[in-house]
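Let's take a friendly walk through a protein and its ligand. Please have a look at the structure below before reading on.

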Amino acid sequence: MADEGATRDRSKPGGAGYVLDEHERLPHEALAALQLDRLRGTIERVARAVPTYRDRLREVGLRAGDLESLDDLAAIPFTTKDDLREHYPFALFSTPLSDVVRLHASSGTTGTPTVVAYTEDDVRLWAHLMARTLAAGGVTSNDVLQNAYGYGLFTGGLGIHYGGEEVGATVVPMSGGNSARQLMLMRDFQSTVLCCTPSYALSMIEAAEDSGIDVRELSVRVGFFGAEPWTAEMRAEIEARWHITALDIYGLSEIIGPGVAAECEAKDGLHIAEDHFIPEIIDPATGQPLPEGERGELVFTCVTKQALPLLRYRTRDLTRLSRAPCACGRTTVRMERVVGRNDDMLIVRGVNVFPSQIEAAVLSVEGVEPYYEIIVDRSERRLDTLDVRLEASEDAWGDRDRRTAVEERARRGIQETLGITCRIELVEPGGIPRSEGKAARVIDRRG
Ligand code: DLL
C-alpha cells in the first residue's frame, strides 16, 4: 500500500527525484488519526487471518472497533522473536502463500531462522520507504548508488536496491566484500552514494589506503550506514577520513528491513516511518509503556503491511523518541541512534555495558584505529574480566612509550565512562579482523 501522496518526478531540472510525501509532514493529530484508522484495519485483518492473533486478541477481549485512541495499543499483547520461531516458517503470515512474492530470513545463529514475507504491495511499500530514506539524504536520479549490503536472505541488499531504483538512481548491486573491486568500480562508475554497514565502510577506507587510493578523491558524497550499532565517534571518524556525509539508517527484517527509520541531512535523530509502523518505548523489564523522551525498548506495530503485519513487536533495541521539531520540516517522530540491543548488553561485574559505550570511549584516543574487540571472561576466582583489544595506528605501534601511553589513556577512558576497570591490549596495525557486513566484536567466554 504505497502512499498515493508520494510522487516521482524525474523530469525536474537536475533530475531531482523524490518529492517529500505528504505523510512526512502531517500535523501530529492528523497523523495520529491516520495511524488509528490503519491500526483498526490491521487488527480486523489479523484477527480474521492469523489464528494466534485471533486467540490472543480474544483473550484480552479486544476488537478493532474498541480502539478509541492510540493509547489503547497498550492492551494488545506483544509479539516476540520467539513467536516467529514458534510459528516457523509461515504460521504468522496473514495472507496465503500464493499472495507472497518474496521471503527473507535471518541467519538464525541461535537455531530456527525467522522468516519474513512480502506481498507485491509490501515490496512496493518497502521500495517507497527506502526511496524516502535515500531522498532524505539528498539522493536523486543523478546519483550512482553503490550498494554494498549483502544480497540474499538479508534484507539490506534487495531492500536498498529497490529503493534506489524507485528514487531513480543508477543502482550498482555490488553486495558486500571484495573491497578492491568495490573501489575500482566506485572509481570507474563515479559512484556518488555508498550503502553498507559502518564497519564495512571503515574496511573500505583501509583497503583504499593499502592500494594507494585516496578515498577523498572518489566521487562518493553520502553514505547510508546501518544494520549494526555505531557511535557518533565512528561517524566522525568516517566523515573525517572520507570527506562524505555519513547517515544512520535503521530497520529490521521483522518490520520490513531497512526503511523503518533514517536520518535526514540535519543528522539529529532518525525519522521513523510512523505512518506505517507505530513506535512505542517500553520498560524492557515490566513491558509498561514509558513516557516520551525516556530510553527503553523500541516496539513497533505494522499498520499497512499485508503478509506479515506484526502487532507490538519487541525489537530489543534500546532508544528514545522525540517529537521536537526537526530542521528538515518532517513532522515524523525521531528515534535517537540505537545504543544497542538488550541481548547485546554485557553485564560485567554487575555493571551494564553496551559495546557502543566502549566504542565511544576508545575511539577518541589518539593513536588508536577504529577497530576493536571486546572479550569477556571469568577469572579463576569467578570474577568477570573485561579485555579490550585495540588496534594501534602505525606510528603509535612503532614507539613503545607511546603504546603504553595509549593503553593507559584508553583504560582510563573506559573507567571514566563505565566505572569499571578493564585490561587493554594494543595490537599491531591490521591485527583485528575486518568486517564486510555486520561486525562481530564481542567474544563472551563465560558460557
Ligand atoms: O539489519 C536491516 C537493515 C539493513 C538496516 C541495512 C539498515 C541497513 P536485521 O538483519 O533483521 O535487519 O537486523 C536488525 O540490526 O534490530 C538492530 O539491532 C540492528 N540495527 C539495524 N540498523 C541499525 C542501526 C537489518 N542503524 C537489527 N543502528 C536491529 C543500530 C541497527 N542497530
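L318 stands opposite G340, a residue of strand 15. Strands here are DSSP runs of type E with at least two residues, helices are runs of H or I with at least four, and both are numbered from the N terminus. Before we go on, note that this is a predicted model, in which local features need pLDDT of at least 70, side-chain atom pairs count only at pLDDT 80 or more, and totals for chains, interfaces and linings use all residues. Residues are numbered from 1 along each chain as its sequence is written, and side-chain values use heavy atoms, with hydrogens and water left out.

L318 also has E297 as a bridge partner. Strand 12 and strand 15 (residues 340-341) are antiparallel and joined by 2 bridges, while strand 11 (residues 296-302) pairs with strand 12 over 4 bridges, also in the antiparallel sense. Two strands count as paired if DSSP finds at least two bridges between them. Is strand 12 mostly buried or exposed? In strand 12 (residues 313-319), 6 of the 7 residues are buried, so the rest of the structure largely encloses it. Buried means under 20% relative accessible area, exposed means over 50%, and partly exposed lies in between (1.4 Å probe, protein chains only).

Elsewhere, 9 strands make up an open sheet with mixed pairing, in the order 4-3-5-6-7-8-9-14-13. Its edge strands, strand 4 (170-172) and strand 13 (321-322), each pair on one side only. Within this order, strand 5 (residues 193-196) and strand 6 (residues 222-226) run parallel, joined by 4 bridges. C196 has F225 in strand 6 as its bridge partner.

Now to the ligand. The residues that surround it number 20, and the closest are D248, I249, S253, D317 and K438; a residue is near a molecule if one of its heavy atoms lies within 4 Å of it. Strand 7 (245-252) and helix 5 (155-167) each supply at least two residues of this shell, and strand 7 gives the largest share, 5 residues. The table lists polar contacts of the ligand, meaning pairs of N or O atoms within 3.5 Å.

| Ligand atom | Protein partner | Distance |
|---|---|---|
| nitrogen | D248, side-chain N or O atom | 2.7 Å |
| oxygen | D317, side-chain N or O atom | 2.6 Å |
| nitrogen | P229, polar backbone atom | 3.5 Å |

On its own, the ligand has 610 Å² of accessible area, and the protein covers 92% of that. Such areas come from the Shrake-Rupley method with a 1.4 Å probe.

Methods. A polar contact is a pair of N or O atoms within 3.5 Å; within protein, one must be able to donate a hydrogen and the other to accept it, and residues adjacent in sequence count only if both atoms are side-chain atoms.
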